[in-house]
Amino acid sequence: MLLQPYLTFDGDCEAAIRFYAEVLDGTIEAMMPNRGSPAAAETPAEWQDKILHASLRVDDEVLMASDAPPGRYSRPQGLHVSIGLSDAARAERIFNALAEGGTVQMPLEETFWALRFGMVVDRFGTPWMINCEKPS
């Protein structure tokens, strides 16, 4: 079984995926707008260049996303995209980048299980948990 997060955005998917690619050192594998797709006929003119599907590869993981259809977006609740790291400096760099323009829910700090753990909602509304576990 493969579990892959699929994020939705309110018109800023392209900016979010480009930001995540930079912050997470990932590669954008797909960025398909509504224009030119089978969905274009049912898509309002002002939404044609919004993203129907995007795929971002980070190491062996894939994060997928799209813009929700007009009027159908709701902010994520009850979940976080969790990032597990082994390098505390990388955890700090990623957390700080995601926190810029966002809301820190729990500062990145040492805990009883982690060298660094923190929670943040980024400027695009995506909730993240950054976890850098202590070596066993």
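The following exchange covers salt bridges, aromatic pairs, the largest pocket and two backbone angles in a predicted model.

Colleague: How many salt bridges does the structure hold?
Modeller: Side chains of opposite charge can pair when their charged atoms come close. For a salt bridge, the nitrogen of Lys or Arg has to lie within 4 Å of a carboxyl oxygen of Asp or Glu. The number of salt bridges in the structure is 7.

Colleague: Which residue forms a salt bridge with Glu 14?
Modeller: Glu 14 belongs to helix α1, residues 13–23, and its partner is 4 residues away in that helix, so about one helical turn separates them. Glu 14 is partly exposed at 33% relative accessible area, and the partner is partly exposed at 45%. The closest N and O atoms are 3.1 Å apart, and the partner is Arg 18.

Colleague: How far apart are the closest N and O atoms of Arg 116 and Glu 92?
Modeller: Arg 116 and Glu 92 form a salt bridge. This pair links distant parts of the chain, 24 residues apart, with Arg 116 in strand β7 (residues 114–121) and Glu 92 in helix α2 (residues 88–99). Arg 116 is partly exposed at 24% relative accessibility, as is Glu 92 at 30%. The closest N and O atoms of the two are apart by 2.6 Å.

Colleague: Which residue meets Glu 110 in a salt bridge?
Modeller: The N to O distance is 3.2 Å. Glu 110 lies in the loop between β6 (103–109) and β7 and its partner in the segment after β8 (127–133), so the bridge ties together parts that are 24 residues apart in sequence. The partner counts as partly exposed at 31% relative accessibility. That partner is Lys 134.

Colleague: Which residues are joined into one network by salt bridges that share partners?
Modeller: One member, an Asp, is found in the loop between α1 and β2 (27–33). That Asp is partly exposed, at 49% relative accessible area. The network joins Asp 25, Arg 90 and Arg 93.

Colleague: How are the rings of Phe 19 and Phe 124 arranged: stacked, edge-to-face or tilted?
Modeller: A search of the whole structure finds 8 aromatic pairs. In this one the ring centres are 5.9 Å apart and the planes stand at 50°. Planes under 30 degrees apart would count as stacked and over 60 as edge-to-face, so the pair is tilted.

Colleague: Are Phe 19 and Phe 124 buried or exposed?
Modeller: Phe 19 lies in helix α1 and Phe 124 in the loop between β7 and β8, so their pair ties together parts that are 105 residues apart in sequence. Phe 19 has a relative accessible area of 11%, and Phe 124 has 10%. Because the cut-off is under 20%, Phe 19 is buried and Phe 124 is likewise buried.

Colleague: What angle lies between the planes of Tyr 20 and Phe 124?
Modeller: Tyr 20 lies in helix α1, so its pair with Phe 124 ties together parts that are 104 residues apart in sequence. Both residues are buried. The pair is edge-to-face at 6.1 Å centre to centre, with an angle between the planes of 85°.

Colleague: The charged end of which residue sits over the ring of Phe 19?
Modeller: Phe 19 is also part of a cluster in which ring pairs link Phe 9, Phe 19, Tyr 20, Phe 124 and Trp 128. The charged end in question is 4.1 Å from the centre of the Phe 19 ring and belongs to Arg 123.

Colleague: Which element gives the largest share of the lining of the largest pocket?
Modeller: The largest pocket holds about 370 Å³ of space and is lined by 18 residues, with Val 58, Glu 61, Val 81, Ser 82 and Ile 83 nearest its centre. The elements giving two or more residues are β3 (51–58), β4 (61–67), β5 (81–85) and α2. The lining divides into 12 nonpolar, 3 polar and 3 charged residues. The largest share, 5 residues, comes from β5.

Colleague: What is phi of Asp 59?
Modeller: Asp 59 is in the loop between β3 and β4 and is exposed at 58% relative accessible area. Its phi is positive in a residue other than glycine, with a value near 55°.

Notes. Residues numbered from 1 in each chain as written. Predicted model: local features only at pLDDT ≥ 70, side-chain atom pairs only at ≥ 80, totals over all residues. Heavy atoms only, no water. Salt bridge = Lys/Arg side-chain N within 4 Å of Asp/Glu carboxyl O. Buried < 20%, exposed > 50% of the residue type's maximum accessible area, 1.4 Å probe, protein only. 1 Å grid on protein atoms, 1.4 Å probe; cavity = no way out; pocket = protein on both sides within 12 Å on 5 of 7 lines; lining within 4 Å. Points joined across faces, edges and corners; volume = space filled by probe spheres on them. Nonpolar A, V, L, I, M, F, W, Y, C, P; charged D, E, K, R; others polar. Phe/Tyr/Trp six-rings, centres within 6.5 Å; stacked < 30°, edge-to-face > 60°. Lys NZ or Arg CZ within 6 Å of the ring centre and 35° of its normal.
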